[in-house]
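Got a few minutes for a walk through a small set of strands and turns? Have the sequence and the model open, and we'll take them piece by piece.

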Amino acid sequence: MGIDKQSDIAANIQIGPTTLGMVRIYIEAEGLELPLDFDPEEAEEIAEELLAAAEAARSMGSGPAKGRK
């Protein structure tokens with residue numbers, strides 16, 4: 001499955017700090033639990049990539065209506 005393909009898989013995501021000073025992105029979907037730990041610098045890079053992707057998606061103008069996810 002590529003990054004630009006639609007999926008019917010529903011998932012929950014949680015993001016927060018760990019007691020070891022890492023940033024955890026925790027994904028849970030259909031019996032899968034995936035904890036991903038990043039040092040703070042990596043987490044900042046991921047945040048920048050998310051913001052850039054959101055800006056690019058917004059400029060495409062065909063995303064979901066505002067307020068829908």
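What follows starts with the overall layout, moves through the sheet and its hairpins, and ends at the pocket.

First, some ground rules. This is a predicted model, in which local features need pLDDT of at least 70, side-chain atom pairs count only at pLDDT 80 or more, and totals for chains, interfaces and linings use all residues. Residues are numbered from 1 along each chain as its sequence is written, and side-chain values use heavy atoms, with hydrogens and water left out.

How confident is the predictor? pLDDT is its confidence in each residue, from 0 to 100. The mean pLDDT of the protein chain is 89, with 87% of the residues at 70 or more. Among the elements, S1 has the highest mean, 98, and H1 the lowest, 96.

Now for the layout. The protein chain has one helix and three strands, and from the N terminus on they run β-β-β-α. Helices (H or I, at least four residues) and strands (E, at least two) are DSSP runs, numbered from the N terminus. The strands are S1 (12–17), S2 (23–29) and S3 (32–38), and the helix is H1 (40–60).

Let's put the strands together. They form an open sheet in the order S1-S2-S3, with antiparallel pairing. S1 and S3 are the edge strands, each pairing on one side only. Neighbouring strands are turned by 15 degrees against each other on average, direction ignored; the axes behind that angle are lines fitted to C-alpha atoms (for helices, over the stretch in contact), and angles run from 0 to 180 degrees between N-to-C directions. As a bit of background, strands of a sheet pair through backbone hydrogen bonds, either parallel or antiparallel. Here, two strands count as a pair if DSSP finds at least two bridges between them.

Take S1 and S2 to begin with. They pair in the antiparallel sense over six bridges. You can follow the partners along the strands: Asn12 stands opposite Glu28 in S2, Ile13 has Ile27 as its bridge partner, and Pro17 stands opposite Val23. Gln14, also in S1, is 11 residues from Ile25 in sequence, yet their C-alpha atoms are 5.8 Å apart in space. The hairpin of these two strands has five residues between them, and there Gly21 takes a positive phi near 80 degrees.

S2 and S3 also pair in the antiparallel sense, over seven bridges. Tyr26 stands opposite Pro35 in S3, and Ala29 has Leu32 as its bridge partner. This hairpin has two residues between the strands. In that loop sits Glu30, whose phi near 40 degrees is a positive value in a residue other than glycine. Most residues other than glycine have a negative phi.

How much of the chain is tucked away? Buried residues make up 4% of the 69 residues. Buried means under 20% relative accessible area, exposed means over 50%, and partly exposed is in between (1.4 Å probe, protein chains only). S1 is hardly covered, with zero buried residues among its six. Gln14 counts as exposed because its relative accessible area is 52%, and Glu30 counts as exposed because its value is 68%. Val23, in strand S2, is partly exposed because its value is 23%. The C-alpha atoms of Val23 and Glu42 are 8.7 Å apart, with their positions 19 residues apart along the chain.

Last stop: the largest pocket, with a volume of about 770 Å³. Of the 17 residues that line this pocket, the closest to its centre are Ile3, Lys5, Ile13, Ile27 and Leu50. On a 1 Å grid over the protein atoms alone, a pocket is an open set of points where a 1.4 Å probe fits, with protein on both sides within 12 Å along at least five of seven lines; lining residues have an atom within 4 Å of a point. Grid points are joined across faces, edges and corners, and the volume is the space filled by probe spheres set on the points.

Which elements give two or more residues to the lining? They are S1, S2, S3 and H1, and the largest share, four residues, comes from H1. The lining divides into 13 nonpolar, two polar and two charged residues. Nonpolar means Ala, Val, Leu, Ile, Met, Phe, Trp, Tyr, Cys and Pro, charged means Asp, Glu, Lys and Arg, and the others, Gly among them, are polar.

Notes
pLDDT is the predictor's confidence in each residue, from 0 to 100.
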